[in-house]
Amino acid sequence: MLFTTTLCLILLAVFKVSALTLPALGKRQEDYELVRGVNLGGLFVLEPWITPSLFEQWANQPNSTVVDEWSYCESLGKAECQRRLNEHWGSWVSEADIATLASMHINTIRIPIGYWALAPNPADPYIQGQVPFLERILVWAGNYRMRVILDLHGVPGSQNGFDNSGKRGDIQWTKSSTDMQRSLESLGVLAIIANRYPSVVAIQAVNEPANWGVPKATIIQFYTRAYNLIKSVAPNVAAVFHDAFLAPSEWADIVPRNLTDSILDTHIYHVFVEDQLQLSPTEHLRKACDDGRNIGRFNTRTRTICGEFSLATTDCARWLNGFQRGARWDGTYLTEKPIFDDSNCQGMENIESWSPRKRDYIRRFAMAQLQAYEMGSGWIFWNFKTESADAWNYMKLVNTGIIPNPPIGSSFDVCSM
């Protein structure tokens, strides 16, 4: 009873600021259509490497305490943070972007958002006002016949300690029952929003909970509670569960069979572990195809997507590993020496600097991943665009001919090698 009352009060507060008219409920698009999507990252959850211009003023401050959205707002104060982020929310994603993505045959967008936009804690430095901008995108998505996955990307206390959870540092999420309750309240708000917008076909319970900081049993328990809540409020919406970075052999534990209308989400990158950075071009292709086969096998039990991936084969994107941090590739972060003797980051994230040979290879790497992840229920690229990290910029990769348009993975034959 307390949960329901609190949720209703939050909903009234959230929607009071919205000036948009909610569309009537209508027939949803086919949930089981193959997913070919992009993430709208860097919008409602700041990541310094996606939009470095927002963090540039602290770039030359030694050991800056501003490293994520929490500290960004804490440093600026709520009034100035509100002013800057209102401008950012209004410009980072435009209707022209959605139209362009539709012309590139994208049928799904995944929208990361933090709890602070939905069930805020007044004691936190975060600011609110995201919901009207979210609603605007949902209207555009409907106009262009796109499906939407609403993704709870950051929860109180941080589920993984990454800056993309809103707060970089320790993993504190499950150490407080209040934080768990606020996470569920946030999902409740997303479920009510989903009920009003037919373009929304799924809600992700939480992005990337780290199994090394949150017990597996606790993640499964939260997923079950999240599923029951989502389905009780929005019965036509699927629930999405990240694999918590667990091996495919443990995926069946993460999504119990009784959670019938569920999607497993796995994120596949080739740049955050030294062993993968050391792969040869052929080995990168082989790994993508092997990952696809794992996805395909589990997809026979539970719909499975690759909800994040990129075309990067180095971690050279500026601040990819965190604000003011370097890269493993050139030996400026964690590693004592470069991955290879001649490894450097010069021009690695600038398509215009890529040789014809590298362009051809990255195009083949794109085709391998698209084909691989379509062995399951599809894929969602990270990210729709970036300010400077080209291997992560879907629209630029398409416009330069590196990602094929249309991106029909099943039409490629890289993984048949």
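Trainee: How many residues of strand β3 (residues 147-154) are buried?
Mentor: You're looking at a predicted model, in which local features need pLDDT of at least 70, side-chain atom pairs count only at pLDDT 80 or more, and totals for chains, interfaces and linings use all residues. Numbering starts from 1 along each chain as its sequence is written, and side-chain values use heavy atoms, with hydrogens and water left out. Strands here are DSSP runs of E, at least two residues long, and helices are runs of H or I, at least four long, both numbered from the N terminus. Buried means under 20% relative accessible area with a 1.4 Å probe and protein chains only (exposed is over 50%, partly exposed in between), and for mostly covered β3 the count is eight of eight.

Trainee: Which strand is joined to β3 by seven bridges?
Mentor: Two strands count as a pair if DSSP finds at least two bridges between them. The partner runs parallel to β3 and covers residues 108-114. That's strand β2.

Trainee: And which residue stands opposite I113?
Mentor: I113 falls within β2, which spans residues 108-114. Look across to β3 and you'll find L152.

Trainee: How far apart are the end C-alpha atoms of helix α5?
Mentor: α5 has 14 residues, 130-143. The expected span is 1.5 Å times one less than the number of residues, so α5 should span 20 Å. The model agrees with that, because its end C-alpha atoms are apart by 20 Å.

Trainee: Why is α5 said to be largely enclosed by the rest of the structure?
Mentor: Have a look at its buried residues, among them V131, F133, L134, I137 and W140. Q130 and E135 are buried too. So α5 is largely enclosed because its buried residues number ten of 14.

Trainee: Which residue just after α5 takes a positive phi?
Mentor: Go just past the end of the helix, where phi reaches about 55°. The residue there is R145.

Trainee: On β6, which residues point the other way from S262, L264 and T266?
Mentor: β6 is mostly covered, with six of its six residues buried. S262, L264 and T266 share one direction. Pointing the other way, and buried as well, are I263, D265 and H267.

Trainee: How many bridges does β6 form with strand β7 (residues 303-308)?
Mentor: β6 has two parallel partners to look at. With strand β5 (residues 238-242) it pairs over four bridges, and there H242 stands opposite D265 of β6. With β7, I263 has R303 as its bridge partner, and the number of bridges joining β6 to β7 is five.

Trainee: Which residues touch the most other members of the largest nonpolar core?
Mentor: A nonpolar core is a set of buried Ala, Val, Leu, Ile, Met, Phe, Trp, Tyr and Cys residues joined through side-chain atoms within 4.5 Å. In soluble globular proteins, nonpolar side chains tend to be buried together. The largest core here has 132 residues, and the ones touching the most other members are Y72 and W392.

Trainee: Which element gives the most to that core?
Mentor: Follow the chain to find the element that supplies nine of the core's residues. It's α11.

Trainee: How many residues are in the second, separate core?
Mentor: Look for A202, A238, V240 and I305, which are included in that second core. A238 and V240 lie within the 238-242 stretch of β5, and I305 lies within the 303-308 stretch of β7. The second core's residue count is nine.
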